[in-house]
Amino acid sequence: MRSLPSIIHLDMDAFFAAVEQASKPSLRGKPVIVGGLGGRGVVSTASYEARRFGVHSAMPMAQARRLCPNAAFLTGRFEAYRQNSEIVMGLLRELSPLVQPLSLDEAFVDLEAGPYGPALAEADHATGEALVLALGEDLRADIQRRTGLTGSVGAAGSKLMAKIASEKAKPDGMVLIEPGQERAVLGPMPVRALPGIGPATEQVLKRAGLSTVADLAEAGEAELVQLVGRAHGAGIFQMSIGLDDRPVVPDQDAKSVSVEDTFEVDLADRDRVLREVETLAVRCVRRLRAAGRSGRTVVLKVRRFDFSTLTRSETLRGPTDDEAVVVETARRLAEQVDITGGVRLLGVGVAQLADYTQEDLFAQALREEAAEHPEAAEEEPAEAEAPGAVVRRWWPGQDVEHAEFGPGWVQGSGVGRVTVRFETPWSGPGRVRTFAVDDPALEPSRALPLREPAAGEPAEG
C-alpha cells in the first residue's frame, strides 16, 4: 500500500446530461434525462435537477416520465460525448502516462508515473498531500475551462479508495483519503460499496448478518471463503480491510463487455432462466453504451449444477448496441441450452467491439418506433412512397442545421412537423421554429464543440 495518496479517480458529473446542458443554453439549470425514448427504454443519465425527483440511471424511461414529466427527454449524442471525453482524457495523460479509462467519463491516474512523480517521491507526507490536492484542483479547473463541464476527483493510496473518494466528492468536488484511514472510511459503508459484490452476494452476506464493510472485516477471511467461495471470499476480505494493490493499467482496450449473476438456488425452470437472461442482457447493453461501444457477437455463459461451464455465441451482421437485438439473441442462445439438473450461474456478454456511432443510435430509435407502432407501417398504402423515397425522421436532442437559421437541435417531431430550437453552446437561449419534416433546408449536422474556438483556432474534438 502507498504512503501517499498518489492514485486519483476522475468521475465526470452526470456526464451525458451535463454535455446536453452545456450544448443547449435553454436547458441549463433544468432537469434533463438522456436515454432510450421508446417504451422499453431506460435512463442513461439524469441531470442533478432531475435526480431531485428520484430519477436515476438504469431506471425505466416510463417511470422517469412519471416522476419528472417536465424534464427534457433526449436521445443520446455519442459523437458529442466522445469529443468531450477525448479532451478530458488528454488532460489526464498530461498528468501521467498511466491512465486507465473505465468509460467515456471515468478513469484512474497514477501520479507517481508522471512528471510529478519525482516531486512526490522526495516530498514529506504533508507536502506530498498538498501537491496531490493541487494537481486534482488544477485538473478540475482545466476541465471546466476546456469544456465547461465539471468532474469530481478522489485521491488515495489505492484504486479502491480513490473511487470511493470521488463518490464522496460528488458533485463538483475533490476528496482525499489519507493512507491509513481506509478502515475508518470503509467500515460504516454497506457491503455493496465494494466492487464485485452484486445483489446475489449481498443477500448471502446479509443472511449471515453481514451488512456493512466493518462486519466483513470482523467476520474474517475464513468465514467469507466459506460463504462465497475461496477466490471471491479472499478478495472481499482484503478489500474490507482496505487492502488493494491493483495497478493502474493504461488504455485498456476491452475485447468484450459482460455481466453475470450467481444464484443462491440452482434455476431449473426454463421460463425463469429466460427471464434472468433477458435481465442480464439489458444490464450488459447499459454497460456497453456507457463505454460508448457496440459489438457484433453476443455470448451466453452458463454454469450448471455440476459446475461444468459452457458458452454459446452468435455473431450478428454488424455491430450493435440495440437492447432488443441483444436480448433476443441471448434468449435464442439460452433456449438451446440443456438446463436439466439446474443452472447456478448465467452471464451475457458482447464481443468484437467497435466504436459507437451516432447512426447506430438513430437506427435503434427507428426500430423502437416501428416495434411500438406496427400499425403505422401496416396502414401506409404501398403506393404512398415513390421508389427510393426516404422518410426523414428527427429525434429529440439531435443536432441539425438550417440553411437560413443556422445550427440548432430538435425539440420534438410528429404529425409531419419538426420543432427546432436554434442555439449554440456559446449563445444564449435561442428561438424555436417549426418546419415540415421533409423541409429541404433542414439537415442533420455534427455536434458543435462546447467551447467556442478563438479566431483562427481549430474546433476541439
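**Exercise 1. A447 and its surroundings**

Task: Decide whether A447 is buried, partly exposed or exposed, then find which residues surround A447 in this predicted model.

Solution, step by step:

1. Start with the surface: A447 has a relative accessible area of 8%. Buried means under 20%, so A447 is buried.
2. Next, place the residue along the chain. A447 lies in the segment after β17 (442–444).
3. Now look for contacts, setting aside neighbours within four places in sequence. A447 then touches R77, E79, A80, Q83 and D399.
4. Finally, try a distance. From C-alpha to C-alpha, A447 and T424 are 9.9 Å apart in space, with their positions 23 residues apart in sequence.

**Exercise 2. The chain as a whole**

Task: Describe the chain by asking how many helices and strands it has, what percentage of its residues is buried, and what its accessible surface comes to.

Solution, step by step:

1. Count the secondary structure: there are 16 helices and 17 strands.
2. Turn to burial: of the 461 residues in the chain, 47% are buried.
3. Then take the outside. The accessible surface is about 21,600 Å², and 51% of that belongs to carbon and sulfur atoms.
4. Last, see how contacts span the sequence. Take the contacts between residues at least 6 apart in sequence: 62% of them join residues at least 24 apart.

**Exercise 3. Two helix pairs that share α11**

Task: Work out how α11 packs against α9 and at what angle α11 crosses α12.

Solution, step by step:

1. Recall what to look for: two packed helices are described by the angle between their axes and the distance between the axes.
2. Begin with α9 (residues 199–207) and α11 (residues 221–228). Their axes are 10 Å apart, and the packing angle is about 125 degrees. The pair is therefore oblique, and the crossing of α9 and α11 is right-handed.
3. Find the residues that make this contact. T201, V204 and L205 come from α9, while L224, L227 and V228 come from α11. Sorted by character, the residues of the α9 and α11 contact are five nonpolar, one polar and no charged.
4. Move on to α11 and α12 (residues 230–240). Here the axes come within 7 Å and cross at roughly 140 degrees. Angles over 145 count as roughly antiparallel, so α11 and α12 are oblique to each other. Their crossing is right-handed.
5. List this second contact too. On α11 the residues are E221, L224, V225 and V228; on α12 they are R230, H232, G233, A234, I236, F237 and Q238. This contact of α11 with α12 holds six nonpolar, three polar and two charged residues.

**Exercise 4. Spotting unusual backbone angles**

Task: Find which peptide bond is cis, and say where Q352 and V415 lie, given that each has a positive phi.

Solution, step by step:

1. Keep the general pattern in mind: most residues other than glycine have a negative phi, and most peptide bonds are trans.
2. Check omega. The bond from K170 to P171 is cis, with omega near -10 degrees. P171 sits in the loop between α7 (159–169) and β8 (174–176).
3. Check phi for Q352, where the value is near 55 degrees. Q352 belongs to strand β12 (residues 343–355) and is partly exposed, with a relative accessible area of 42%.
4. Check phi for V415, which is about 55 degrees. V415 is found in the loop between β14 (406–414) and β15 (417–422), and is exposed, with a relative accessible area of 87%.

Conventions. Residues numbered from 1 in each chain as written. Predicted model: local features only at pLDDT ≥ 70, side-chain atom pairs only at ≥ 80, totals over all residues. Heavy atoms only, no water. Axes fitted to C-alpha atoms, helices over the stretch in contact; angles between N-to-C directions. Helix = DSSP H or I, 4+ residues; strand = E, 2+ residues; numbered from the N terminus. Parallel < 35°, antiparallel > 145°, perpendicular 65-115°, else oblique. Left-handed = near helix turned anticlockwise from the far one by under 90°. Contact = heavy atoms within 4.5 Å. Nonpolar A, V, L, I, M, F, W, Y, C, P; charged D, E, K, R; others polar. Buried < 20%, exposed > 50% of the residue type's maximum accessible area, 1.4 Å probe, protein only. Areas by Shrake-Rupley, 256 points an atom, 1.4 Å probe, with all protein chains shown as cover.
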